[in-house]
Amino acid sequence: EDVFLNGRFLSPAEATLSVFDRGFLFGEGIYEVWAVVGQRIVDTESHLKRLDRSLAECGLPTPPERDTLPQILTELVRRGGLTDGFIYLQITPGAGERDFTGTADTRPTLFIMARKKDLLGAPALESGMAVDLVPDIRWLRRDIKTTMLMPQVMAKKNAVRQGLKDAVFYDETGITEGASSNIFIVTESGAVRTRPLSHKLLPGCTRGRIVALARDHGIQVHEQAFSVEELLTAREAFVTSATSLIVPIIQVNEKTIADGKPGPVTRTLQKLYIDYIHALPPC
Ligand code: PLP
């Protein structure tokens with residue numbers, strides 16, 4: 001399956017980068033991930049908009065292929081014969097001397113790959129998952145989708161070591177987000193609650209879509225932070241992300257959420273979201 005690197009479709013073995021790439025030396029880079037479901041790329045435009053914002057916020061150069069990205073994504077899906085999976089895109093400034101404030105001597109690095117994965121077949125979609133609550137030790141520009149993912153990798157690996165599936169972060173102001181997702185709870189009245197956007201969390205494209213779909217279908221959404229206690233005593237809880245779609249949370253560490261089963265509002269939103277995806281035009 002070909003990948004795309006700096007203007008060319010290449011086999012993975014041919015696609016190589018300089019050891020002087022600033023993405024490698026400094027972790028100076030941003031990324032995006034799209035879900036592909038039934039040959040449909042989900043929310044191409046909102047992810048591209050967030051990509052542009054990430055570049056601007058980090059002062060990174062825009063790669064020359066920017067305007068043709070929608071066609072390149074489609075081409076990768078077609079070449080890979082991908083029905084279900086995800087597209088990963090990363091941009092770094094390119095290669096240069098190891099100097100913090102230096103610039104690259106090359107064009108920006110643009111790497112894109114499409115990988116197969118049965119997103120709709122993930123067991124957690126149906127059964128829900130248990131998560132680990134972890135203090136949020138990340139920086140305070142989590143609204144930018146950077147490749148500096150060490151805290152997330154550590155939190156997720158530590159969760160898996162404990163037999164849990166994923167990690168959810170909290171700070172002194174409440175639950176922030178999942179390690180690679182946004183988090184929602186369902187309140188007593190059946191309304192959905194999720195933290196308002198700020199520098200403390202990533203503006204998830206799936207989050208945005210779910211909020212819109214819920215409102216369109218008469219489900220109340222409150223963009224309001226919630227505490228650890230409110231998560232533990234919620235009627236329902238779930239996380240959203242491009243590749244996991246909507247996953248019910250049925251347990252947080254030792255505490256079972258409600259009756260330990262995915263709840264009706266979560267199920268309704270899963271259905272609305274999957275129906276929405278199936279109505280998108282295929283590649
Ligand atoms: N929050 C974090 C920290 C993430 O890494 C992700 C996705 O990977 C999300 C939220 C969800 O964003 P999206 O719905 O755009 O995938």
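**Exercise 1.** Which element gives the most to the lining of the largest pocket, and with how many residues?

*Solution.* The model is a predicted one, in which local features need pLDDT of at least 70 and side-chain atom pairs count only at pLDDT 80 or more, while totals for chains, interfaces and linings use all residues. Residues are numbered from 1 along each chain as its sequence is written, and side-chain values use heavy atoms, with hydrogens and water left out.

Begin with the terms: a pocket is an open set of points on a 1 Å grid over the protein atoms alone, where a 1.4 Å probe fits, with protein on both sides within 12 Å along at least five of seven lines, and lining residues have an atom within 4 Å of a point. Helices (H or I, at least four residues) and strands (E, at least two) are DSSP runs, numbered from the N terminus. The element sought is α5, which supplies 6 residues; of the 50 lining residues, Lys156, Ser180, Ser181, Ser241 and Thr243 lie nearest the centre of the largest pocket.

**Exercise 2.** Find which elements give two or more residues to the lining of the second largest pocket.

*Solution.* Start from the lining, which includes Asp43, Ser46, Lys49, Leu197 and Arg209. The elements that give two or more residues to this lining are α2 and α6.

**Exercise 3.** Identify the edge strands of the open sheet.

*Solution.* Write down the order of the 6 strands, β2-β1-β6-β5-β3-β4, whose pairing is antiparallel, two strands being paired if DSSP finds at least two bridges between them. The edge strands are β2 (8-10) and β4 (40-41), each pairing on one side only. As a check on β4, its antiparallel pairing with β3 (residues 30-37) runs over 2 bridges, and Val37 stands opposite Arg40 in β4.
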